[in-house]
Each structure stands twice: as C-alpha cells, then as structure tokens.
Amino acid sequence: MKTTSKVSENSQAGFTLLEVLIASVILFSVIVTSTLVYRGAILSSDKAEQALSVSVAAHSIQRLVTDEFRQLKDRSQPFGEGRYGEVTYRWRAEETHKGTRTGARDGSTPSREFSLWQIHLTVSKGKMTKQFQFSEISW
C-alpha cells in the first residue's frame, strides 16, 4: 500500500493576515502593559527615595532647629527656615505652657521662669513634604 500525498500547486506556506493582526495586537498589548508597569515602578521608586531622604534628614534638621531656637534672642516671633543638603525646612514655635520653678527655701537656688514650646517642622524635598512636631523648653 502506497499513499501519495498531493500538494496543490496553489497552496502557500505562512500566516494569514488575520493571524498576523492578532499576533500584533497581543504583542502591542504586552509591550504597553510592560511599559506601564515599568513606569509605575520608577515613580514608586522616586517617591520612596524622596520619603526616605526627608525622614533621614528630619532627625538632623531637628537638632539644627533646636540650636536655632535656643540662640534666638527675641522669642516674640519664633520661626525660621533653612536648607539641609537637597532638603528644605521651615519651622515655627508656639508657647504652650509657662511656669515658674520655685527656688530652694534657703535661697541657695533662685526661682526661674520657664516656657514649654511646641515646634512645628515642615521638611520638603521635591514634591514630598512631611510635617513633624517636637517640644522644647526654655528658661
């Protein structure tokens, strides 16, 4: 038994136009999705880097603000601003409590007035802004 296969002279090997169009749409969809995912990852990475920079710098900036606040001669308008590397900051202080520390009865330690201050600190880098608060005491 012999089988012979006849191939038509008009048949062509290859893909139809419809198959090529479907493959192109699938490929385009994969490329667009990959691009969007990559772009989202880059944006998230930038935001995370800015947030980390702001948070790391905040501790050092707090020390700078504390020093600036303690050196103020006129505390009627306690505020300031500055730059720490790529990070900018602004601060303002509000007096929350005022009191007097009584001295010793024998007079060896005099009475002193003191104030408790709430310091509001705003730290920014690029579009990232964070706010912090801490307390300071002055006498």
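The side chains of Glu 94 and Arg 92 meet in a salt bridge in this predicted model, with 2.6 Å between N and O. Glu 94 is partly exposed, at a relative accessible area of 38%, and Arg 92 likewise counts as partly exposed, at 41%. In general, side chains of opposite charge can pair when their charged atoms come close. A search of the whole structure finds four salt bridges, and three of the pairs are described individually here.

**Helix H1**

Two of the pairs described below involve helix H1, so the helix is introduced before them. Helix H1 covers residues 17-71, a run of 55 residues. From its first C-alpha to its last it reaches 79 Å, close to the 81 Å expected at 1.5 Å a residue. The helix bends by about 35° at Ala 58, and Ala 58 is also among the buried residues of H1. The other buried residues of the helix are Ala 51, Val 54, Ala 57, Ser 60, Ile 61, Val 65, Thr 66 and Phe 69. The buried residues of H1 pack against four strands: S1 (79-84), S2 (87-101), S3 (112-125) and S4 (128-138).

**Salt bridges between helix and strands**

Lys 125 and Glu 49 form a salt bridge through their side chains, at 2.9 Å from N to O. Lys 125 belongs to strand S3 and Glu 49 to helix H1, so this pair ties together parts that are 76 residues apart in sequence. Lys 125 is buried, with a relative accessible area of 10%, whereas Glu 49 is partly exposed, at 42%. Both residues also take part in a network of salt bridges that links Glu 49, Glu 86 and Lys 125.

Arg 70 forms a salt bridge with Glu 136, and the closest N and O atoms are 3.2 Å apart. Because Arg 70 lies in helix H1 and Glu 136 in strand S4, the pair ties together parts that are 66 residues apart in sequence. Here the acidic partner, Glu 136, is buried, with a relative accessible area of 9%, while Arg 70 is exposed, at 53%.

The accessibilities of the residues in these pairs are listed below.

| Residue | Relative accessible area | Class |
|---|---|---|
| Glu 94 | 38% | partly exposed |
| Arg 92 | 41% | partly exposed |
| Lys 125 | 10% | buried |
| Glu 49 | 42% | partly exposed |
| Arg 70 | 53% | exposed |
| Glu 136 | 9% | buried |

Terms used: Residues are numbered from 1 along each chain as its sequence is written. This is a predicted model: local features need pLDDT of at least 70, side-chain atom pairs count only at pLDDT 80 or more; totals for chains, interfaces and linings use all residues. Side-chain values use heavy atoms; hydrogens and water are left out. Helices (H or I, at least four residues) and strands (E, at least two) are DSSP runs, numbered from the N terminus. The expected span of a helix is 1.5 Å times one less than its number of residues. The bend at a residue is the angle between axes fitted to the seven residues ending there and the seven starting there. Buried means under 20% relative accessible area, exposed over 50%, partly exposed in between (1.4 Å probe, protein chains only). Contact means heavy atoms within 4.5 Å.
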